[in-house]
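The exercises below are meant to be worked with the sequence and the model side by side. Each one sets a task and then follows it with a solution in steps.

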Amino acid sequence: MLSNKAKYGLKALIHLAGAEGQCLAGDMATQNNIPRKFLDAILLELRNAGILNSKKGKGGGYHLARPADKITVGQIIRILDGPLAPIACASRTAYQRCNDCPDEDACAIRDLMLDVRDAMALILDRTSIASLRGRGRRSAQILR
C-alpha cells in the first residue's frame, strides 16, 4: 500500500511540475492539503536524492532538478517508501531470503510476488510526473 509519505511526495512533485519558477513549501502544503512539517521532511529527502533543487531567501523555494517527464513514479516511491516488491524475497534492490522457505525456487508465493513486483514496476517506471498532471477525474467512470 502506498504510504502517505509517497502520496504527498507525488502530490508535491505534480504541483511543482505545473508551476512556473520556485514554489514555497508552505504554499504547496496548503494547496495540496499536506501537513507542513511532514512535507518539509519529504521535500528534504527528495532534494537529497537529486529530484529537487532549492533556493533560500527572497525568490526562493523548490523546483524540479530535471524535467518532469524524466522523473518516474517508480523512482519516487522507491526513494520515499523503499522497494516495490510486496515481500523481501521478491525484491531486486532489497532482497532477503525468507527464513521459513526451504526452496525459494519452488515457492508459489514468491513466484506470484515476483509477477506482482514486475507488473507494478512496469506501470510505475513508465509513468512520469509530467504524465500524472493529465490524469484524474476518474469519478465519472464506473470502476469494476
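Are Glu 104 and Arg 110 buried or exposed?

**Exercise 1. Place Glu 104 among its charged partners.**

Solution. Before starting, keep in mind that this is a predicted model. Both Glu 104 and Arg 110 turn out to be buried. For Glu 104 the relative accessible area is 14%, and because buried means under 20%, the residue falls in that class. The next step is to look at what the side chain of Glu 104 meets: with Arg 110 it makes a salt bridge at 4.0 Å, N to O, and with Arg 97 it makes another, in which the closest N and O atoms are 3.4 Å apart. Arg 97 has a relative accessibility of 42% and therefore counts as partly exposed, whereas Arg 110 is buried.

**Exercise 2. Describe the salt bridge between Arg 117 and Asp 118, and say which further residue belongs to the network.**

Solution. Begin with the distance: the closest N and O atoms of Arg 117 and Asp 118 are 2.5 Å apart. Then compare the surroundings of the two partners, where Arg 117, at 8% relative accessibility, counts as buried, while Asp 118, with a relative accessible area of 34%, is partly exposed. Finally, extend the view to Arg 92, which is linked with Arg 117 and Asp 118 in a network of salt bridges. For the structure, the count of salt bridges comes to seven.

**Exercise 3. Check the length of helix H3 and find out how its residues are arranged around the axis.**

Solution. Helix H3 covers residues 36-48, that is 13 residues, and at 1.5 Å a residue it should span 18 Å; the C-alpha atoms at its ends are 18 Å apart, so the expectation and the model agree. The second step is to list the buried residues of H3, which are Leu 39, Ile 42, Leu 43 and Leu 46. Seen down the helix axis, the buried residues fall within an arc of 100°, and therefore they line one face of H3. On the face turned away from this buried side, H3 carries the exposed residues Lys 37 and Asn 48. The third step is to ask what covers the buried residues, and the cover includes helices H1 (4-17), H2 (25-32) and H4 (73-81) together with strands S1 (52-55) and S2 (61-64). Just after H3, Gly 50 takes a positive phi of about 85°.

**Exercise 4. Find the aromatic pair and say which parts of the chain it ties together.**

Solution. A search of the whole structure finds one aromatic pair. The pair is formed by Tyr 8 and Phe 38, whose rings lie 5.7 Å apart, centre to centre, with 80° between their planes, an edge-to-face arrangement. Since Tyr 8 lies in helix H1 and Phe 38 in helix H3, the pair ties together parts that are 30 residues apart in sequence. To complete the picture, consider accessibility: Tyr 8 counts as buried at 13%, and Phe 38 counts as partly exposed at 32%.

**Exercise 5. Work out how strands S1 and S2 are joined.**

Solution. S1 and S2 pair in the antiparallel sense over four bridges. One of the residues to inspect is Leu 52, whose bridge partner in S2 is Leu 64. The two strands form a hairpin with five residues between them, and in its turn Gly 57 has a positive phi of about 90°. Leu 64 can also be followed outwards, as it is touched by Ala 17, a residue of helix H1. Besides Leu 64, the contacts of Ala 17 include Ala 68, Ile 129 and Arg 133.

**Exercise 6. Step back and summarise the chain as a whole.**

Solution. Count the elements before anything else: there are six helices and two strands, and from the N terminus on they run α-α-α-β-β-α-α-α. The C-alpha atoms fill a box of roughly 60 × 40 × 25 Å along the principal axes, and within it Ala 17 and Asn 99, which are 82 residues apart in sequence, have C-alpha atoms 44 Å apart. Buried residues make up 35% of the 144 residues. Lastly, among contacts between residues at least 6 apart in sequence, 61% join residues at least 24 apart.

Methods. Residues numbered from 1 in each chain as written. Predicted model: local features only at pLDDT ≥ 70, side-chain atom pairs only at ≥ 80, totals over all residues. Heavy atoms only, no water. Expected span 1.5 Å × (residues − 1). Buried < 20%, exposed > 50% of the residue type's maximum accessible area, 1.4 Å probe, protein only. Arc of directions from axis to C-beta. Contact = heavy atoms within 4.5 Å. Phe/Tyr/Trp six-rings, centres within 6.5 Å; stacked < 30°, edge-to-face > 60°. Pairing = 2+ DSSP bridges. Lists of a residue's contacts leave out its neighbours within four places in sequence.
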